[in-house]
Amino acid sequence: MDPRRLAMGASIGAAGLMLIGKLGAWWLTGSSAILSDALESVIHLAATAVAAFGLWWTAQPADEDHPYGHGKFAYFSAGFEGALILVAAVAILYTGGRALLLGPQLQALGVGIAITGGLALVNLALGTFLVRVGRQTQTLVLVANGQHVLTDSWTSFGVVAGVALVWATGLDWLDPVLAIAVGLNIVWTSGQLLRTSFEGLMERTSPAEAARLEDTLRQAQAEGLVVAYHQVRHRRIGHEVLIEAHLLFEDDATLHDAHRAAGVVERRIGALFPGENVTVTTHLEPACHDDEHPESHADYLPAGPAGEAPA
């Protein structure tokens, strides 16, 4: 069975369990802190459903309308999940602030602590599993969902500790204060997910990946496989890596020899991304390209980071 589907199925099942368990703990205790944790789980259930759809959609093969596949939906999914978390944070802050002003009415805190603590342990194990599978398969949807689950688990542990402190000290006002702290922490998590989504949609390149590409092309140039190179571009869509480069050869090189050398370079570039779907597209040009198009001279001699000309 596909580990991604297994992970997402476990996430959906656990999300439903968390929602029922935490709402039950709140109903028993009247704790604003536990309610804040339950509200986050409501949002998490909706976000997990979107993530499940996103996992299915991004796995669909390329078609006539989407020649590069559907992988970018993962960034929409992560952004949507981040937005939903932000909504939960606002609701939590409102609930905590209201309870702080009106005064909390608490009861049966021991039972609530036990339920919330047990659910937190389940989420900790699930979140770790989701992030590991997501990173192994380069599936952003699973990584984002796993990070959400881990945040939920740490939030629950914090709630357990705080409610236990309220139970031990009798300081009821600590409960809504804790709920507000939980809400502020969730705001930060939302910002991280929204940032990841934005950077993915804007196709921000990875400096580390650009440096590896540059080293590989410089090595090919040093070995005489190519005379020079320019117009190096790359982008990532989930586990898909798309790379383009213009390779320059001696003016008298045959097409056969140039194609063979380009194949060597392409294989070396592909080897930089083990376990991922890599598409390398090279454009072969004669070195006299510089004489025919002098405006492009700075593009490739000498080459700077990621094929850009030095300032």
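Me: What is the relative accessible area of S31?
Reply: This is a predicted model, in which local features need pLDDT of at least 70 and side-chain atom pairs count only at pLDDT 80 or more, while totals for chains, interfaces and linings use all residues. Residues are numbered from 1 along each chain as its sequence is written, and side-chain values use heavy atoms, with hydrogens and water left out. S31 sits in the loop between α1 (3-29) and α2 (32-58), where helices (H or I, at least four residues) and strands (E, at least two) are DSSP runs numbered from the N terminus. S31 counts as buried (under 20% relative accessible area, with exposed over 50% and partly exposed in between, using a 1.4 Å probe and protein chains only), and its value is 0%.

Me: Which residues is S31 in contact with, leaving aside its neighbours within four places in sequence?
Reply: Contact here means heavy atoms within 4.5 Å. Once the neighbours within four places are set aside, the residues in contact with S31 are W26, L106, V163 and D175.

Me: Within what arc do the buried residues of α7 fall, seen down its axis?
Reply: Helix α7 (residues 207-222) has 16 residues and reaches 22 Å from its first C-alpha to its last, close to the 22 Å expected at 1.5 Å a residue, the expected span being 1.5 Å times one less than the number of residues. Its buried residues are E209, A210, L213, E214, T216, L217 and A220. Taking the directions from the helix axis to the C-beta atoms, these residues line one face of the helix, because they fall within an arc of 165 degrees.

Me: Which exposed residues does the face of α7 turned away from its buried side carry?
Reply: The buried side of α7 includes E209 and L217. The face turned away from that side carries the exposed residues P207, D215 and A222.

Me: Which helix gives the most to the largest nonpolar core?
Reply: A nonpolar core is a set of buried Ala, Val, Leu, Ile, Met, Phe, Trp, Tyr and Cys residues joined through side-chain atoms within 4.5 Å. The largest one has 20 residues, and L217, I243, L247, F249, V265 and I269 are those with the most contacts inside it. At least two residues of this core come from each of α7, β1, β2 (240-249) and α8 (255-270). With six residues, the element that gives the most is α8.

Me: Which residue forms a salt bridge with E214?
Reply: A salt bridge is a side-chain nitrogen of Lys or Arg within 4 Å of a carboxyl oxygen of Asp or Glu. E214 counts as buried at 6% relative accessibility, and its partner, with a relative accessible area of 37%, is partly exposed. The two are separated by about one helical turn, because they stand four residues apart in helix α7. With the closest N and O atoms 2.7 Å apart, the partner of E214 is R218.

Me: How many residues apart in sequence are the parts that E223 and R268 tie together?
Reply: The side chains of E223 and R268 meet in a salt bridge of 2.9 Å, N to O. E223 lies in the loop between α7 and β1 and R268 in helix α8, so the pair ties together parts whose separation in sequence, in residues, is 45.

Me: What is the phi of Q231 near?
Reply: Q231 belongs to strand β1 (residues 228-237) and is partly exposed, with a relative accessible area of 26%. Most residues other than glycine have a negative phi. Q231, a residue other than glycine, has a positive phi near 50 degrees.
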